[in-house]
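Here are a few notes to read alongside the model. Have the 3D view open and follow along point by point.

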Amino acid sequence: MAMVELHANRRQTAGTGACRKILAGGRVPGVIYGKHLETRALEFDRKDLEKFLGKALRGTVVVRMDIRDGE
């Protein structure tokens, strides 16, 4: 079982225009949500996300996510 660490930054902006700017800057917009969790708009480093997806396609992956609030 592979383990991947993803680093994310919390986004303060939302919408199509803001997401396009994030993508143009080499980052990927995303959202994390779940039961008993606050919904958070995030942005990921493209290389970290590609590394995660490469391992996820080969089987089970444990993800440790480090979310930076920028504060």
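1. A quick term to start: a residue is buried under 20% relative accessible area, exposed over 50%, and partly exposed in between, using a 1.4 Å probe and protein chains only. E43 comes out at 17% relative accessibility, so it counts as buried.

2. Before going on, keep in mind that this is a predicted model: local features need pLDDT of at least 70, side-chain atom pairs count only at pLDDT 80 or more, and totals for chains, interfaces and linings use all residues. Residues are numbered from 1 along each chain as its sequence is written, and side-chain values use heavy atoms, with hydrogens and water left out.

3. Now, where does E43 sit? Its home is strand β3 (strands are DSSP runs of E, at least two residues, numbered from the N terminus). β3 covers residues 40–45 and pairs antiparallel with β1, residues 2–10, over three bridges (pairing takes at least two DSSP bridges between the strands). One bridge pair there is A8 with F44.

4. On to β2, residues 27–32: six bridges join β2 to β3, again antiparallel. Look for R27, which stands opposite D45.

5. R27 also meets E43: their side chains make a polar contact of 2.9 Å (N or O atoms within 3.5 Å, where, within protein, one must be able to donate a hydrogen and the other to accept it, and residues adjacent in sequence count only if both atoms are side-chain atoms). Beyond four places in sequence, the residues in contact with E43 include H7, A8, I22 and V28 (contact means heavy atoms within 4.5 Å).

6. For a contrast, try M1, in the segment before β1. M1 is at 78% relative accessibility, so it counts as exposed.

Conventions. Helix = DSSP H or I, 4+ residues; strand = E, 2+ residues; numbered from the N terminus.
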